[in-house]
Amino acid sequence: MSLRDRDLISIQEARHAVERAHEAQKKFALFSQQQVDAVVEACATAATDAADSLARLAVEETGYGNVPDKITKNRLASVDVPRAIRSMRTVGVIREDREKGILEIAAPVGVVAAVIPSTNPTSTTIYKTLISLKAQNAVVLSPHPTAMRCICESASVLRHAALKMGAPEDLITCLEHPTMQGTQELMKNRLTGVILATGGTGLVRAAYSSGRPAYGVGPGNVPALIERTANVKKAVADIFAGKTFDYGTICSSEQAIVVEDAVREQALEECTRQGAYFLSPDEIVRLGSLVFLGGAHVPNTQVVGRPATTIAEMAGIKVPPSTRVLIARLDGIGRDMPLSAEKLSPILAFYSAPNLAASIEICVKLLHHGGAGHTASIHSQSEAAVKQYGLAVPAFRIAVNTSSVHGSIGYSTNLFPAMTLGCGSPGGNITSDNIGPQHLMNIKRVAWESRPIEHRTIPADQRLVAMPVPAVARAASAAASAAPGAAFPVSSPKVEGSAAPSFASSPKSGDPASSSSKVEGSAGAPSFASSPKGGDSVSPPAAAEARFKTTLSPALAAAAAVAPAPDRSTIARIVEQVFTSRGIPRRGGTPVGAARVTPSVPVLTSGAPSFASSAKGGEMSSSSGARSVSSAKSAEKKEGASAPEARLAPHPLPPPVEVAEFLSENDVRMALTRDRKLYIGPKTILTPSARDLGREHDIFILTDIVPAPKKRRSE
């Protein structure tokens with residue numbers, strides 16, 4: 001099926017161009033630095049030779065600017081840019097810092113999507129192609145529809161020169177059916193490495209919203225300040241040279257003159273002498289309506305890049321044939337003053353202020369009105385005034401005592417020569433630099449160890465300490481107070497008929513207190529007093545306790561100092577409660593069947609083994625085994641008769657943990673379909689496929705429980 005719609009043809013062309021450029025770049029990435037430089041030099045030489053013809057073609061096709069100035073711009077791109085990047089390393093190892101132990105390696109971004117404007121078509125094509133090739137990238141050019149022929153011709157000159165040096169086919173490609181849809185496809189394509197967008201605000205926003213890395217440029221509304229110490233004659237000459245350069249098509253050209261009152265009259269006189277025409281109030285209104293049709297935000301394309309005399313004639317204003325610049329003396333800045341914005345033509349606004357501070361304030365307002373982050377200029381012999389201006393204005397290129405156009409693009413200054421000027425965050429751009437090859441490549445950094453790391457293990461008692469000492473102490477004290485069965489004051493100070501042992505030694509034998517014992521304490525501290533008749537204390541000896549505390553970290557030691565030390569019975573009770581609440585089986589494999597212990601009334605049922613030491617034999621006393629749930633309930637009934645006030649209604653126990661003896665892949669898949677976890681122990685047997693599938697879906701819960709052997713049905 002053949003495509004007939006222009007937008008569909010453009011989209012398809014953009015896709016094929018990126019794909020071909022991607023393949024070509026992979027071959028170009030194998031070139032050495034010498035080979036890459038040879039390709040760049042060949043392209044630059046060819047562009048220089050064709051600078052005149054390309055300039056004429058651009059003026060004929062677009063109607064913007066003039067041939068001599070476009071030749072100058074072409075040579076800036078084909079001569080000055082290659083000179084600036086000639087010694088730049090962009091292939092392989094580009095820097096090595098042996099002192100710091102860092103090695104930097106260049107990595108190209110791949111395919112550069114270069115959007116070319118109609119105001120500077122041929123020079124921008126040459127510039128973007130050369131910096132892309134220098135960084136070892138391929139480039140796909142998307143021309144403005146009104147400048148397609150001259151841009152494609154520039155690309156053809158560069159492509160043929162690259163092919164002669166052995167560059168791959170499709171390393172330089174130009175779209176021949178440009179549309180906004182095709183440009184958007186080019187910018188959004190997954191194979192596009194980075195976007196170089198030069199154009200209107202809408203295009204730049206589209207580049208940044210494409211989802212691909214982008215360098216865009218914002219609008220310029222350049223103020224030119226003439227300070228009281230300036231050489232006024234030269235200042236006016238520089239401003240006019242910049243404003244009339246290619247008839248103001250470069251966005252860093254001056255848009256307004258701001259002078260101090262001390263040199264105001266001299267500046268006005270000099271402007272008239274050098275070919276300025278000052279508009280009357282009525283002419284200002286008429287010209288403003290022409291430049292910004294219907295209150296538009298961007299200048300009329302029929303005005304952009306035209307000479308002053310032509311624009312005056314379009315507005316019905318009679319001016320001398322020698323007029324170079326039209327000047328509007330304004331009192332304000334904003335939408336109600338259309339000529340205070342960027343005009344891209346030889347039209348200037350004119351302001352005056354009583355001093356330097358007031359002049360700078362006007363310049364700042366002009367930049368915020370439509371040129372934030374772009375360019376500004378100042379003419380002054382005072383270094384202090386220049387610094388004050390530089391600190392105050394929101395611009396990232398500040399030209400001093402020169403034309404702002406020629407200074408910003410690196411023609412009359414030592415700035416990097418460029419046709420794409422970043423405006424930083426104030427202008428909505430990703431960078432404030434003049435864009436070069438360094439922005440079109442990634443850099444790998446190989447770093448050697450410069451400071452040895454410490455190989456150590458955190459002591460066990462310090463691994464979980466994350467609170468300051470007072471907080472640890474309070475937490476430990478609170479935990480001890482809330483522990484079930486602790487000998488702290490509870491709602492009822494006297495617990496009778498309870499199976500819970502007392503912390504105090506028995507008056508006779510040191511056995512745990514009987515049901516008639518009283519649990520008493522002060523401030524939550526258990527009683528560790530010795531028996532009145534010589535019974536030994538339940539607490540460890542003082543020497544052993546001191547040795548134990550020396551092993552603690554300072555934080556835990558501080559917490560232990562304020563927290564009571566539980567005895568063996570307390571630990572057994574807490575463990576029993578945890579086992580009961582979670583349904584964890586004993587070593588025998590039978591799940592806990594004892595009733596849930598109520599925190600406010602500590603109870604140790606007969607269905608659970610006693611872990612407290614006997615006073616006589618010191619051996620662990622237990623029942624004949626882990627009792628079943630039914631036997632535990634019968635024991636509760638018997639005990640309930642003697643101590644009815646100590647029983648609360650038992651809560652239902654959670655289902656016991658089932659630890660599998662053997663798991664196959666089918667078992668794991670069944671668990672996945674039912675959204676269940678599988679408990680495994682140290683002796684659980686897993687098939688390799690079950691292990692891999694379970695780990696992949698994180699379905700296993702590892703326990704230290706030995707799976708109980710399954711009973712036969714006959715048993």
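Let's start with one pair of residues: Ile378 sits opposite Val400 in strand 14. This is a predicted model, where local features need pLDDT of at least 70 and side-chain atom pairs count only at pLDDT 80 or more, while totals for chains, interfaces and linings use all residues. Residues are numbered from 1 along each chain as its sequence is written, and side-chain values use heavy atoms, with hydrogens and water left out.

**The sheet**

Strand 13 (residues 373-379) runs parallel to strand 14, and 5 bridges join them. Two strands count as a pair if DSSP finds at least two bridges between them. Helices (H or I, at least four residues) and strands (E, at least two) are DSSP runs, numbered from the N terminus.

Now zoom out to the whole sheet. It's open, has 7 strands in the order 10-11-12-9-8-13-14, and the pairing is parallel. At the edges are strand 10 (276-278) and strand 14 (395-400), each pairing on one side only. From one strand to the next, the twist averages 25°. Angles here run from 0 to 180 degrees between N-to-C directions, with axes being lines fitted to C-alpha atoms, for helices over the stretch in contact. As for what holds such things together, strands of a sheet pair through backbone hydrogen bonds, either parallel or antiparallel.

**Helices on the sheet**

Helix 9 (residues 232-244) lies across several strands, among them strand 8 (222-226), strand 9 (254-260) and strand 12 (347-353), and runs at about 165° to strand 9. Helix 10 (residues 264-273) packs on the sheet too, touching strand 9, strand 10, strand 11 and strand 12. Its direction makes about 115° with that of strand 10. Contact means heavy atoms within 4.5 Å.

**Loop residues worth a look**

Most residues other than glycine have a negative phi. Asp246, though, has a positive phi near 50°, and Leu344 also has a positive phi near 50°. Which loops hold these residues, and how buried are they? The table has the answer, with His439 added; buried means under 20% relative accessible area, exposed over 50%, partly exposed in between (1.4 Å probe, protein chains only).

| Residue | Loop between | Relative accessible area |
|---|---|---|
| Asp246 | helix 9 and strand 9 | 0%, buried |
| Leu344 | strand 11 and strand 12 | 14%, buried |
| His439 | helix 15 (404-408) and strand 15 (441-447) | 12%, buried |

What does His439 touch? Leaving out residues up to four places away in sequence, His439 touches Tyr215, Thr431, Asp433 and Asn434.
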